Amino acid sequence: MRDMIISELTQALHDIARSFAHFLPRFIVMLILALLGFVIAYVARAVLRSVLGLIKFDKLSEKAGASQLLSKAALPSATEVLSRFVFWVAWLGFILLGISVLGILGLQDEIARFFLFLPRLFVALFILFVGLLAASFFSRAALLAAVNANIPSPKVLSLAVRSIIIVFVLSVVFEELGLAEQTMLVAFGIAFGGLMFGLAIAFGIGGRDLARRLLEKQVVRGKKQENEDELSPL
Amino acid sequence: MAEDSFLTDDFLRQLINVGEVDILVGLPTHNNAKTVGSVVRAIQSGILNGFPRERAVIINVDGGSRDGTPDLVTGVSIDDMRPASNLYALRTLHSITTKYGNSPASGVAFRTILAAAELLRAKACVMLSPESTNIKPEWLSKLLRPIYREGFDLVTPTYQRHKFEGLLITNLLYPMTRALYGKNIYEAYAPEFGFSGRLGTQFLGQDVWTDGTDGAGVELRFTLAAITGKFPICQSFLGEKVHIERSSADLVPALRQTAGTLFAALDRDFTVWSAVAGCEPVPTNGTDQEVLLEPLRVNRKRLREMFSSGVAELESVFQSILSPTTLAELQRISRLGEDECRYSAELWVRTVYEFAASYQKSVISRDHIIQALAPLFRGRAFTFLTEHRNASAGEVENSIEKLCLEFERSKPYLLEIWKPRE
């Protein structure tokens, strides 16, 4: 009995030692990968920061309106946010690669899923950035056109254009990320439909006077109004 | 040759039939059936009177008219002129036409005319606008003679204008061009002008045709190219410039063609204008220009309202373009009543220079920068109209002269805020 216990204990100790001997090199490899990942991520961050500085990414982000969003959320500049994001994604990627080397069952599937998710994350971020850029451009274009055409409430028009584009972009981003696709689709449909319905009612009721004035202007061409049309700018 | 790629075979055949010419008259058109007949008759009469011995051609470049404009151009016979004028041309006066598209594009039209002038080895060319309903036969001599006989390469017009006509020219284009390029040219952007074949060929070879602007403001670019290329330039007084009906919506396109073209040229010509000091007078045939003073009803109130609302509504846009001091000053005056609101020459010059620098740096879309200038121009126009309501011709001229000097005086400020070329 005693021999059996000793034998089992010895066996268990051997198993532990074997497991440890089996695990230790993998753990060391994981540490090396994590360390290597840190160095690579650090270098990638520095390189990206320089490249973004060279291409004046902060200016671009300012134009896109992304900088304003970041400052409202008390976050650093767009270049800094993107550099840090790339640093963490790269380092996390290496750490997860190291963890997968450990061979822990169950974790490997999750890690593989993470790596498959990365391209979609980058595409979603790209869509978001371009979308914000487009929203900023078109809302400014609407604002300028409305001001120069002397249309009432140009800021409301500009805000409406920006909101429609941002809602549309967010729905595309969420769909790309695969997050709550159905919910987002329905939410987008309701928001967009609601907005259009609201605008239709607003123009229908609020724009009656405007429509009447426009018609009067078109139909009743009596005496020529005194206005700047009489002056040629050139 | 570069022009082989865009001149049609039919047009080339017509040019070959014409052969070499001395005088070329370029007439870009688009749905001008109402006026083009009288313009062509004036051209023919001008050639019979001024250049009967020269080989001449009228080249009509049409942007897809649907009212039969090209047929009217080629249909006017010079024989109709002879009994009335008792004059005979000793050479055949050719009249040919070509179509370049379905919508007007002044750059394409002008390029076609330049290419034709080069192929026909024209010595002197003149561009005329079919919208100039009061065109006189003597305009041809006034625009062509300095080139054909006196060795000039560019003849720009001066006109008799009402003191409140062409405010964009008098308050921005003329003073700014004069201050920066150092040439006293009143109408750097005009629909009528004469030029030598030499200048035309030089400009044709420049890289100005493929920048995606459809040649907006190409006439101004041409004048600036003549200045920077040190070509001899003079001006000719043509007389009254007939008012072309424009709606207020035309201000933004007008700003694109003038301010937009000038701001873009400043980037390209930095080495030239940054070295210019002072201003050289340009020889003028006839009077410099004449100012008409007859009463004109203008809605100044609307101009001021559009200025005030523009400054308020576009604050976020102006924050990207203007310095905080300039913006604060604009906001202050925009809140003043009609009697106190004055957009001073100094503030206007600072505003325009900051717009030019922002355009160069592309702080936002360049077209948006130009559009944002419209409400501010209305503010300046309001001030100009108010200050000169009862002014004499001399007072108006003095005021424009002062504005020119202010543009010159503030030039170091523009150089200071200009981004050095990397």
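These are my notebook entries on chain B of a predicted model.

**Entry 1: the two domains**
I began with the layout of chain B, which is split into domain 1 (2-292) and domain 2 (300-417). I looked up the distance between their centres, taken over C-alpha atoms, and found 30 Å. Next I checked where they meet: 24 residues of domain 1 of chain B contact 24 residues of domain 2 of chain B. On the domain 1 side, helix H7 (167-181) and helix H10 (251-268) of chain B each give two or more residues. H7(B) has the largest share there, with 10 residues. I also sorted that side by class and got 16 nonpolar, 4 polar and 4 charged residues.

**Entry 2: the core**
Which residues touch the most other members of the largest nonpolar core? I found Ile23(B), Leu24(B) and Ile59(B), in a core of 136 residues. Helix H16 (residues 366-387) of chain B gives the most to this core, 11 residues. I then followed Leu24(B): setting aside neighbours within four places in sequence, its contacts include Val57(B), Ile59(B), Leu120(B) and Cys125(B).

**Entry 3: strand E4**
Cys125(B) led me to strand E4 (residues 124-127) of chain B, which is covered on both faces. Ala124(B) and Val126(B) are buried on one side, and Cys125(B) and Met127(B) are buried on the other. This pattern made me recall that side chains in a regular strand alternate between the two faces of the sheet.

Then I looked at the partners of E4(B). Strand E1 (residues 23-29) of chain B runs parallel to E4(B), joined by 4 bridges, and Gly26(B) stands opposite Met127(B). Strand E6 (residues 193-196) of chain B pairs with E4(B) in the antiparallel sense, over 4 bridges; here Met127(B) stands opposite Phe193(B).

Conventions:
Residues numbered from 1 in each chain as written. Chains lettered and ligands numbered in written order. Predicted model: local features only at pLDDT ≥ 70, side-chain atom pairs only at ≥ 80, totals over all residues. Domains from an automatic or database assignment. Contact = placed C-beta atoms within 7 Å. Nonpolar A, V, L, I, M, F, W, Y, C, P; charged D, E, K, R; others polar. Core = buried A, V, L, I, M, F, W, Y, C linked by C-beta atoms within 7 Å. Buried ≥ 20, exposed ≤ 12 C-beta atoms within 10 Å, placed from the backbone. Pairing = 2+ DSSP bridges.
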